[in-house]
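Here's a quick walk through a model, with its empty spaces up front and its packing after that. Have the coordinates open as you read.

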Amino acid sequence: MTDRKQRLADAAIEVLGQEGVRGLTHRAVDTWAGLPQGTCSYHCPTRNALLTAVLERISELDLADLHERDVADVLDQWAGSTRTRVRFMLMLDPQARRELGDAAARLADGFVDRAERITGDRERGRLLIGLIDGLLLDEATRGTVAETVRRERLDTVRRIVTTGQ
């Protein structure tokens, strides 16, 4: 992803976080990014291209986080973040999901592939992803949990990831 396209994708994540899926326009992204009008349309000529760039950028950032730190620490960072909320928005919004189609499936499969390498089994990898998404969605929809509860949850995830149990 070029620097300009990356900047636009980052701006689009913020627009989605502030305005929701319906508020995502090329003009809004240009404004948020501080770029001349038409820049977003040049790099992402369709809404589908823009949504795909956003989901690809979220995936890129999430994978970079996972390369750098312990899974439980990453989950702690992701809980309640704009990026996590936007990912859920895009995956749960029927129109956005239709527009993303194969890109969403491909990126989700990439995370399952990574989880499979961690757990040693594809189905266990899918279960791990489901557990992680469930914890993140719980905090996104119900609000932040008490620190002791979060620590217990993260310790459980850490144990599952490291021991498979």
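What is the volume of the largest cavity? It comes to about 80 Å³. Keep in mind that we're looking at a predicted model here.

**The cavity**

The structure holds one cavity of 30 Å³ or more. Its walls are made by L75, A79, L135, L136, E139, R150, R153 and L154. Helix 8 (122-142) and helix 9 (147-163) are the elements that give two or more residues to this lining. Sorted by class, the cavity lining has five nonpolar residues, three charged ones and no polar ones.

**The pocket**

Now for the open space. The largest pocket has a volume of about 600 Å³, and 29 residues line it. If you want to find its centre, look for R87, A108, F111, I129 and D133, the lining residues that lie nearest to it. Helix 4, helix 5 (71-78), helix 6, helix 7 and helix 8 each put two or more residues into the lining. Which helix gives the most? That's helix 7, with 11 residues. The class count for the pocket lining reads 20 nonpolar, seven charged and two polar residues.

**The cores**

On to the packing. The largest nonpolar core has 25 residues, and the members touching the most others are L16, L24, V29, L50, V54, V86 and L90. At least two residues of this core come from each of helix 1 (3-19), helix 2 (26-33), helix 4 (47-68), helix 6 (82-92) and helix 7 (94-119). There is also a second, separate core of 19 residues, which includes L66, L75, L154 and V157. Two of these names are familiar from the cavity, since L75 and L154 are among its lining residues.

L24 makes a good close-up of the largest core. Setting aside neighbours within four places in sequence, L24 is in contact with A12, V15, L16, V29, R47, L50 and L51.

**Helix 8**

Helix 8 deserves its own look. It has 21 residues and reaches 30 Å from its first C-alpha to its last, close to the 30 Å expected at 1.5 Å a residue. Its buried residues are G125, L128, I129, I132, L135, L136, D138 and E139. An α-helix has 3.6 residues a turn, so residues three or four places apart point the same way. What do the buried residues of helix 8 pack against? Their partners are helix 5, helix 6, helix 7 and helix 9. Some of these buried residues turn up around the empty spaces too: I129 is one of the residues nearest the centre of the pocket, while L135, L136 and E139 help line the cavity.

**A few single residues**

Here are some individual positions, with their accessibility in one place.

| Residue | Relative accessibility | State |
|---|---|---|
| T39 | 10% | buried |
| L100 | 3% | buried |
| A53 | 2% | buried |
| R114 | 18% | buried |
| T162 | 60% | exposed |

Start with T39, which sits in helix 3 (residues 39-43). Not counting residues up to four places away in sequence, T39 touches R4, L8 and D30.

L100 lies in helix 7. Apart from residues up to four places away in sequence, L100 touches N48, L51, T52, L55 and L90. L100 and R47 are 53 residues apart in sequence, with 9.5 Å between their C-alpha atoms.

A53 lies in helix 4. Why does A53 count as buried? Because its relative accessibility is 2%, and buried means under 20%. From A53 to A12 the C-alpha distance is 8.9 Å, with the two 41 residues apart in sequence.

R114 is another helix 7 residue. At 18% relative accessibility, R114 counts as buried, because the cut-off is under 20%. It touches L63, L66 and H67, not counting residues up to four places away in sequence; L66 also belongs to the second core. The C-alpha atoms of R114 and E19, 95 residues apart along the chain, are separated by 32 Å.

Last comes T162, in helix 9. Is T162 buried or exposed? T162 is exposed, because its relative accessible area is 60% and exposed means over 50%. T162 and E60 are 102 residues apart in sequence, and 23 Å apart from C-alpha to C-alpha.

Methods
Residues are numbered from 1 along each chain as its sequence is written. This is a predicted model: local features need pLDDT of at least 70, side-chain atom pairs count only at pLDDT 80 or more; totals for chains, interfaces and linings use all residues. Side-chain values use heavy atoms; hydrogens and water are left out. A nonpolar core is a set of buried Ala, Val, Leu, Ile, Met, Phe, Trp, Tyr and Cys residues joined through side-chain atoms within 4.5 Å. Buried means under 20% relative accessible area, exposed over 50%, partly exposed in between (1.4 Å probe, protein chains only). Helices (H or I, at least four residues) and strands (E, at least two) are DSSP runs, numbered from the N terminus. Contact means heavy atoms within 4.5 Å. On a 1 Å grid over the protein atoms alone, a cavity is a set of points where a 1.4 Å probe fits but cannot get out, and a pocket is an open set with protein on both sides within 12 Å along at least five of seven lines; lining residues have an atom within 4 Å of a point. Grid points are joined across faces, edges and corners, and a volume is the space filled by probe spheres set on the points. Ala, Val, Leu, Ile, Met, Phe, Trp, Tyr, Cys and Pro count as nonpolar, Asp, Glu, Lys and Arg as charged, and the others, Gly among them, as polar. The expected span of a helix is 1.5 Å times one less than its number of residues.
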